[in-house]
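User: Please take a close look at the aromatic residues in this structure and at the core around them. I am new to it, so a plain account would help.

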Amino acid sequence: MNETAFLTLMAEHQGIIHKICRLYRDSREDREDLFQEITFQLWKSFPSFKGNSLISTWLYRIALNTAIASYRKEKPTIDYVETLPEFAEELQNEELILRQERLLTAIKQLSESEKAIIALYLDDLSYLQIAEILGISENNVGVKINRIKTKIQQLLIKES
């Protein structure tokens with residue numbers, strides 16, 4: 001096992017893991033725990049990565065599967081957060097902050113699979129890449145994204 005290659009992978013792609021952690025966990029401690037669990041699962045799976053897909057596709061698949069599996073196991077309590085964790089202070093525009101908070105609140109109301117799909121979509125992955133990560137057809141991705149967008153719009157309207 002090439003430890004240097006794994007550490008390089010983690011350095012280059014840790015942003016993906018942080019995004020997944022923010023999406024599936026509310027508290028800083030829970031996000032840190034999930035980050036460690038995802039890292040552990042990636043480490044265990046790294047020797048079996050054959051390069052048949054993009055490294056980011058493989059990483060997303062493991063990160064999402066770990067987040068969803070641990071979410072089901074733990075049944076965490078859900079606490080309402082007044083501001084977006086960590087990056088709210090970095091944003092200058094208060095209207096943008098409010099819009100992002102509303103969007104994150106709406107996304108957190110989605111099912112685990114819907115969260116996974118919209119997270120990948122918001123990361124500008126193609127329908128094909130999302131299909132590869134989730135193991136569904138590209139056509140199915142398009143249908144699901146349209147349904148999720150409609151659901152988010154309805155949630156945002158309800159919140160107004």
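Analyst: Contact here means heavy atoms within 4.5 Å. The model is predicted. With that in place, a buried polar residue is a convenient start. Q41 belongs to helix 2. Its relative accessibility is 19%, and the limit for buried is under 20%, so Q41 counts as buried. Apart from neighbours within four places in sequence, Q41 is in contact with I62 and T66.

Next come the aromatic residues. The structure holds 4 aromatic pairs. In one of them, F6 and W43 meet edge-to-face, with 4.9 Å centre to centre and 70 degrees between the planes. This pair links distant parts of the chain: F6 sits in helix 1 (residues 3-24) and W43 in helix 2 (residues 28-45), 37 residues apart. The two partners can be described by their accessibility. F6 has a relative accessible area of 5% and is buried, whereas W43, with a relative accessible area of 31%, is partly exposed.

A further pair is made by F49 and W58. Their ring centres are 5.1 Å apart and their planes stand at 45 degrees, so this pair is tilted. The reason lies in the cut-offs: planes under 30 degrees apart count as stacked and those over 60 as edge-to-face, which means that the rest are tilted. F49 is partly exposed, at 23% relative accessibility, while W58 is buried, at 11%. The residues of both pairs come together with one more: F6, W43, F46, F49 and W58 form one aromatic cluster.

Now the nonpolar core. The largest nonpolar core has 40 residues. Within this core, I17, I20, Y24, I38 and L42 are the residues with the most contacts. At least two core residues come from each of helix 1, helix 2, helix 3 (55-74), helix 4 (94-108), helix 5 (112-122), helix 6 (127-134) and helix 7 (138-159). Helix 1 gives the most, with 9 residues.

I17 can serve as an example from this core. Not counting residues up to four places away in sequence, I17 touches M10, F35, I38, L42 and L59. Among these partners, I38 and L42 are also listed with the residues that have the most contacts inside the core.

To recap, helix 1 and helix 2 are linked by the pair of F6 and W43, and both helices supply residues to the largest nonpolar core. Helix 2 also holds Q41, which is buried and touches I62 and T66.

Methods:
Residues numbered from 1 in each chain as written. Predicted model: local features only at pLDDT ≥ 70, side-chain atom pairs only at ≥ 80, totals over all residues. Heavy atoms only, no water. Phe/Tyr/Trp six-rings, centres within 6.5 Å; stacked < 30°, edge-to-face > 60°. Helix = DSSP H or I, 4+ residues; strand = E, 2+ residues; numbered from the N terminus. Buried < 20%, exposed > 50% of the residue type's maximum accessible area, 1.4 Å probe, protein only. Core = buried A, V, L, I, M, F, W, Y, C linked by side-chain atoms within 4.5 Å.
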